[in-house]
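Take a first look at the model below. Then read on for a short tour of its parts.

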Amino acid sequence: MGPTDRNLPSHARVVVIGCGIVGNSVAYHLGRLGWRDIVLLDKGPLPNPGGSTGHASNFIYLVDHSKEMTALTIESVKQYKEMGVFIESGGVEVARTKERMQELTRRMASAMSWGIEPVALVSPSETKRLVPYLDESIILGGFYTPGVGVVDSLRAGTLMRERGQSAGALAVAAKTEVLGIDVEHGRVRRVRTTEGDIEADTVVITCGVWSPRVARMAGTQIPLTPAVHQMIDVGPVPRFAGAKSDIEFPIVRDMDTNMYERQAGGDLEIGSYAHRPILYDPDDIPSLAQAALSPTEFPFTQPDFELQMQHALELMPEIVGDEKVGVKYAINGILSLTPDGMPVLGESPDVKGLWAAAAVWVKEGPGTGKAIAEWMVHGESEIDLHSSDIARFHEHQKTRAHVRARAAEGFNKTYGIVHPGEQWASNREVRLSPFNVRERELGATFFEAAGWERPQWYESNAPLLEEFGDRVTRRTAEWESRWWSPIINAEHLAMRERAGLFDLSAFTIFDITGPSALQSVQCVALRQMDVPVGRVVYTPVLSPTGGFKSDLTIMRLGDEHFRVVTGGASGMSDRKWFQDHLPPDGTAQLTDLTSSTTTIGLWGPRARDILATLTMDDVSNDGFKFGTCRTIEAGTLRVLASRISYVGDLGWELYIPMDQGLKLWDLLWEMGKQHGLTPCGIGVYGTTGRLEKCYRAHGNELETEYNVVEAGMTAPRVKDEDFVGKEAHLRHRQEEPAAIMCTLTVDDHTSSTGEKRYMLGREPILTHEGKRIVDRHGRGSYVTSAGAGPSIGKHILMAYLPPEHARAGAALSVQYMGERYPVTVAVAGPTPVFDPENLRIRS
Amino acid sequence: MRVLVCVKRVPFTGGKMVLAPDSMALETRHLGFTISPHEECGVEEAVRMIEAKSGESVVLTLGPAEAAEQLRDAMALGVDRAIHLETDGSEWDPEATAAAIIDAIRADEAASGPFDLILFGNESADSGGFQVGLRVAGALGRPCVTGLKKVTIEGASVRCEQESEGGRDVYAVPMPAVLTVKEGLNLPRYPSVPGRMRAARKPVATMTPTQAQARLELASLVVPAGQGRRAEVLGSGPSAAPAVVEMLRKIGVV
């Protein structure tokens, strides 16, 4: 059998469409995990079918601020090395500005958090020693990662195909174009190609920039846009004459100019993310036959590269300024951009059996292939992929306009200094709560969540700063003051002393109803769901291996009626998870109420007094117990009140039809005035209030990589009923946890310059002596959440620590902006640092 | 000495050619633009002549505003300045093209003195009329030699080697003269980055000539049969061997 097998089988276990680095990896790993009858197709020829893999610059930097991306990259490097296609060259990210030098200290911190060693900050002269053709006089320093390297991604793809073929798992068909994907009853059934049809109930779209077009054949979307990345190749470079390999000098990323320069044999490759965003539609990509080079190598647009030439000349005058070194090749290479910068992975929420692995770059290709294959075979990947899940997108986020707006905005952030709180500027005000008009009047600063505009804090609360005086910590450092206001802490104190009013419209809300409703929620919830009507249950949702798929609350509103409430960010993937676990016989239904129901949070010691002025119903502690929910009347409004709290104070979540939301807000406002009701932003809800109570958040503390015991959320007993992850959970309960969720406080914020600094999250937690802390599963300790605790007067950090460090009083340190600060473990396990007996929420 | 080189912006067609729906033009949506390989050699030759003899090289084009890109490309290689005869992008026939170029040359020569040599590509890469150089030479009353593979300046004349069947015809021509050159004349250089940056600052004189009444009319375009075939890389390195063997078997070689 040759490298291609033109005789397409008529049936397949799975059809993988696209032979770029991702498709090859997915097909190979599916075979490695035991699947057979895998068919891998591409409309182009092999080994280079003409997609983005074929013109990629193929270098791999290891450190990213995203844990998920770093994990995928590290796994990919491991595979490239094993295949013998990785050349380690090292890489230096150089800084031209002071802001960038600070950013490089953040890179150092991320490297330590994710366990990438060795890394070092290097001086200009050390950089010059590493890269002798660089002008060190224009840089302030660099971040050096010796493990950076270059891969042969086409060769890797060939090797993976060959391995799959020789294992008898894989048939490969090049020059076979997909013409259609047939979907029947919501499930993929067959792939129609130029070489015939293939019956298959599982299909993976790994078509890179073509993915949206292929997804459309199945009636669904893959939200990405083709975009230009400009690259030129100059040579021959005298210094590289006689180069023995593709690369012998470290790759340079000139971060402040959004450019890179790397040796490519005898030449130098110069790439840029600095030009204006140049976006295309998938339909703009020429056919293989029509393309002058390959379909994803567009004609170079010189005017977009003028400034970049100057920047390259400044940094590497010896090479770039050499009159004898010519521009031999210049392209507008096409790559994939998504609205949030993360890949698009997983099963389509619209079509069962249709999987996507798109917007994946060469640096994370094989790791992604492995993760997707695990997900398909085992129902879960080793690396938590929640930030990349295709199901994460809300409807508006899949529109062409949104994808293009955010991709354009995100493009120039490729090498940018992106603050963790940084907000998108484009395509805002898509989802507005009924209270938006009031919030504007109150001078709200809006942050976006799932398209909703949510107040983060209110300028109208500025006078509280005076009231609370020194109890509100001010921040002087520009970085920590960005996307933040001391008003958040003042609102927090006002809530703790009186009451706070919260806009919680960004909740994703869906009802599960029908004869099998109980069974449906029971099988995904860790906690017992067979509770009396009128109970509200906070429950983890576990992955098959007992990690955290999500955490959310479920109200039982009737014998056959449950209401699930979850966060906006994870709302859509949670909805898919519940949808997937409904019985196939249609005896339970899921109805999304997100856009028809809004939520107001009312919490604080005066919350009951305020609610009591609105309603004749009994809202006393005995009449309306914690953990219960029921409909009350507030004037002419019928409000579903749920007595729980994410901020650790007495109060309710109040659910009301969207059209009556404003009326409820106004009533609360009017009646709350005399009780000191203060509008509070999500700064309090998501950070200060939550952290003082040590409540865990999905995506921060709660990931599939940690289990319930480690998170300190073990219940006294496990329900008898089956649920996803039960077996693993029972096992975890028998084991000594490898790490324990701890709450730490910062002992001293003073930096070497005397300025107080405040960690924002994701920094490495180190021993007192500054050594990395790693648990027995190899997971490093890092700050999962960070924020002020105004009521306790401390800055709070949460982190998983191995048992030897997880004890109250343990003295450790945290690395932040290149310095170490002393921290102390305040609590190991779930006990909150504020109101440890939880008297307030039960008062 | 002074050398003028004339170029034409044409689509860069590496793949299958597709016509616009009315069959009156190429579909250029996916295409980049370039000049013909003949003209690339003309530009290189002009640059080398001035490097050797000093003086001034000038590049001229007749074409749409976007053709400025091709002028910058030529200046990036060392040409000193450019003349852009800007059109609305429609195709001009050889007679009209030549007329506009003749006017421009006369004007430039009036201001800066005669061009010792005026170089054209032997024919344009798209319409291939083979006429403009000859028409310009005829109108200016200068000698013209076509299809040159080698050009050597010898004092006040130029030695021209023209490709002919089975060998080369050699002409010695007094300057000023008009030459049309062919690919293979020289090996054009790549632009350096400093060259590109200098090109951005070099002067381009733009004028909008009046189009002479066309006497040639384009009826329609037809894509010749068999075009669009392209080489396929079966692989690289030892791993490509099975594919090569299979292909050799398939076509009956082994």
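What follows covers the chains, their contact and one helix.

This is a predicted model. Every value here is computed from that prediction.

**The two chains**

Start with chain A. Its secondary structure comes to 20 helices and 40 strands. The radius of gyration of chain A is 28 Å, and the globule rule gives 28 Å for 843 residues, so chain A is as compact as a globular protein of that length.

Now chain B. Here the secondary structure amounts to 6 helices and 11 strands.

The table sets out spans, burial and long-range contacts. Spans are those of the C-alpha trace along the principal axes. The contact column takes contacts with a separation of 6 or more and gives the share from residues 24 or more positions apart.

| Chain | Span of C-alpha trace | Buried residues | Contacts from 24 or more positions apart |
|---|---|---|---|
| Chain A | about 85 × 65 × 50 Å | 58% of 843 residues | 74% of contacts with a separation of 6 or more |
| Chain B | about 65 × 45 × 40 Å | 38% of 254 residues | 70% of contacts with a separation of 6 or more |

**Where the chains meet**

How many residues does each chain bring to the contact? Chain A brings 29 residues, and chain B brings 29 residues. On the side of chain A that touches chain B, two elements each supply at least two residues: helix α7 (306–315) and strand β19 (326–337). Which element of chain A gives the most to that side? The answer is α7(A), with 5 residues. By residue type, the side of chain A that touches chain B divides into 17 nonpolar, 8 polar and 4 charged residues.

**One helix in chain A**

Turn to helix α18 of chain A, residues 661–672. This helix has 12 residues. At 1.5 Å a residue, α18(A) should span 16 Å. Its end C-alpha atoms are 16 Å apart, which agrees.

Which residues of α18(A) are buried? Among the residues of this helix, A:Gly661, A:Leu664, A:Trp665, A:Leu668 and A:Gly672 are buried. They cover an arc of only 100° around the axis, so they sit on the same side of α18(A). A general rule helps here. An α-helix has 3.6 residues a turn, so residues three or four places apart point the same way.

How values were computed. Residues numbered from 1 in each chain as written. Chains lettered and ligands numbered in written order. Predicted model: local features only at pLDDT ≥ 70, side-chain atom pairs only at ≥ 80, totals over all residues. Helix = DSSP H or I, 4+ residues; strand = E, 2+ residues; numbered from the N terminus. Expected span 1.5 Å × (residues − 1). Buried ≥ 20, exposed ≤ 12 C-beta atoms within 10 Å, placed from the backbone. Arc of directions from axis to C-beta. Contact = placed C-beta atoms within 7 Å. Nonpolar A, V, L, I, M, F, W, Y, C, P; charged D, E, K, R; others polar. Rg over C-alpha atoms; globule rule 2.2 N^0.38 Å.
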